[in-house]
Amino acid sequence: MARLWVGLAGAGFFVALLVLHSRFCGSPVLRKFAFQVSWTTEEILYRLDVGWPNRPEYFTGTTFCVAIDSLSGLVYVAQRGDNIPKVLVFTEDGYFLRSWNYTVDTPHGIFAASTLHEQSVWITDVGSGSYGHTIKKYNSFGDLVQVLGTPGKKGTGLTPLQFDNPAELYVADTGDIYIVDGDGGLNNRLIKLSQDFMILWLHGERGTGPAKFNIPHSVTVDSSGRVWIADRGNKRIQVFDKDTGEWLGAWTNCFTEEGPSSVRFTPDGKYVIVAQLNLSRVLLVAAPPVGSIGNCSVINTIQLADQVLPHLLDVSGKTGAIYVAEIGAKQVQKYVPVEGYFPSFTHS
């Protein structure tokens, strides 16, 4: 019996050493082991791709956001830091292609909006320098194409349009733009712009009631025409009609511990992917049917290591892979669907 207890204690000590080593030494093999240990009470729906990217040493700053251009198979990562490239470009297979740094001050959110004729990347910039408090459009090689806002000047104005710490945006196939403006700044608003940058509708007041916000941090649009907002400070997700801006409902029951920091959909539209920053957690939530918002129902959880801090994430429209920008771990990690659970996804 004494030998049994000694053996169990030794095994527990070995597992603890592996987990600690994976956190502080960054070994991909051990990272995979530590990740799988955290799934002990749930069925595994996603697994960590420990080989992505092929060259993680290109992460030289704090990785705040990530965007997937599924049409071109590209992954854009924006990071903060001094004397480093602010935007890194990888393939979805993990190969590093290039980097650029032009006119990017302090990136917060990023979105890839490509068509057959144009590859574009939009970045929300919350810096205090000459390029800050703006939303900027670039081509795939970092050439500046368009600037929204008043560079270097925060504000609440609409004519001309001003931002204060714009958090994120979503660009629809129609060219319409949805912006959440207010990562702790003067503004707490959701703005819809037309493709020629005219304001179509706006919700813009700090508060706890319907259509009011406290740090609107992330935005996405589903295939049913609903706009989903991660209302982080109010610990909820709010939902709006994309055409009219009408408030449709809110989810609060999943976020009693901490509010959502990022929101996206799987390619089939069946699941909402939500990040919770300080809990170092990613939730897989059942998407509600058209005409009903209902309550939030968590299907699965990806529990990351402590202090990894998943800030913003994006989902590949082709493979369903989740890419998570982690400001604590200073890296982007890729989680791929387990074969058989999401047959409608095309696996790479």
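This report covers an annotated repeat, a strand hairpin within it and an internal cavity in a predicted model.

## Basis

Residues are numbered from 1 along each chain as its sequence is written, and side-chain values use heavy atoms, with hydrogens and water left out. In this predicted model, local features need pLDDT of at least 70 and side-chain atom pairs count only at pLDDT 80 or more, while totals for chains, interfaces and linings use all residues.

## The annotated repeat

An unreviewed UniProt entry lists residues 204-243 as "repeat: NHL". Such annotations may be inferred rather than shown by experiment. The span is 0% helix and 45% strand (DSSP runs: helices are H or I, at least four residues; strands are E, at least two; both numbered from the N terminus). Its end C-alpha atoms lie 17 Å apart.

## The hairpin

Strand 14 covers residues 216-221. Six of its six residues are buried (under 20% relative accessible area, 1.4 Å probe, protein chains only). Strand 14 runs antiparallel to strand 15, residues 226-231, and five bridges join them (pairing needs at least two DSSP bridges). T220 has W228 as its bridge partner. Four residues separate the strands of this hairpin. In the turn, G225 has a positive phi of about 85°.

## The cavity

The structure holds one cavity of 30 Å³ or more (points on a 1 Å grid over the protein atoms alone where a 1.4 Å probe fits but cannot get out). The largest cavity has about 50 Å³ of space (the volume filled by probe spheres set on the points). Eleven residues line it (an atom within 4 Å of a point). Closest to its centre are Y46, L283, L284, N300 and I302.

Strand 20 (281-286) and strand 21 (298-303) each supply at least two lining residues. The lining has nine nonpolar residues (Ala, Val, Leu, Ile, Met, Phe, Trp, Tyr, Cys and Pro), no charged ones (Asp, Glu, Lys and Arg) and two polar ones (the others, Gly among them).

Definitions and conventions:
Buried means under 20% relative accessible area, exposed over 50%, partly exposed in between (1.4 Å probe, protein chains only). On a 1 Å grid over the protein atoms alone, a cavity is a set of points where a 1.4 Å probe fits but cannot get out, and a pocket is an open set with protein on both sides within 12 Å along at least five of seven lines; lining residues have an atom within 4 Å of a point.
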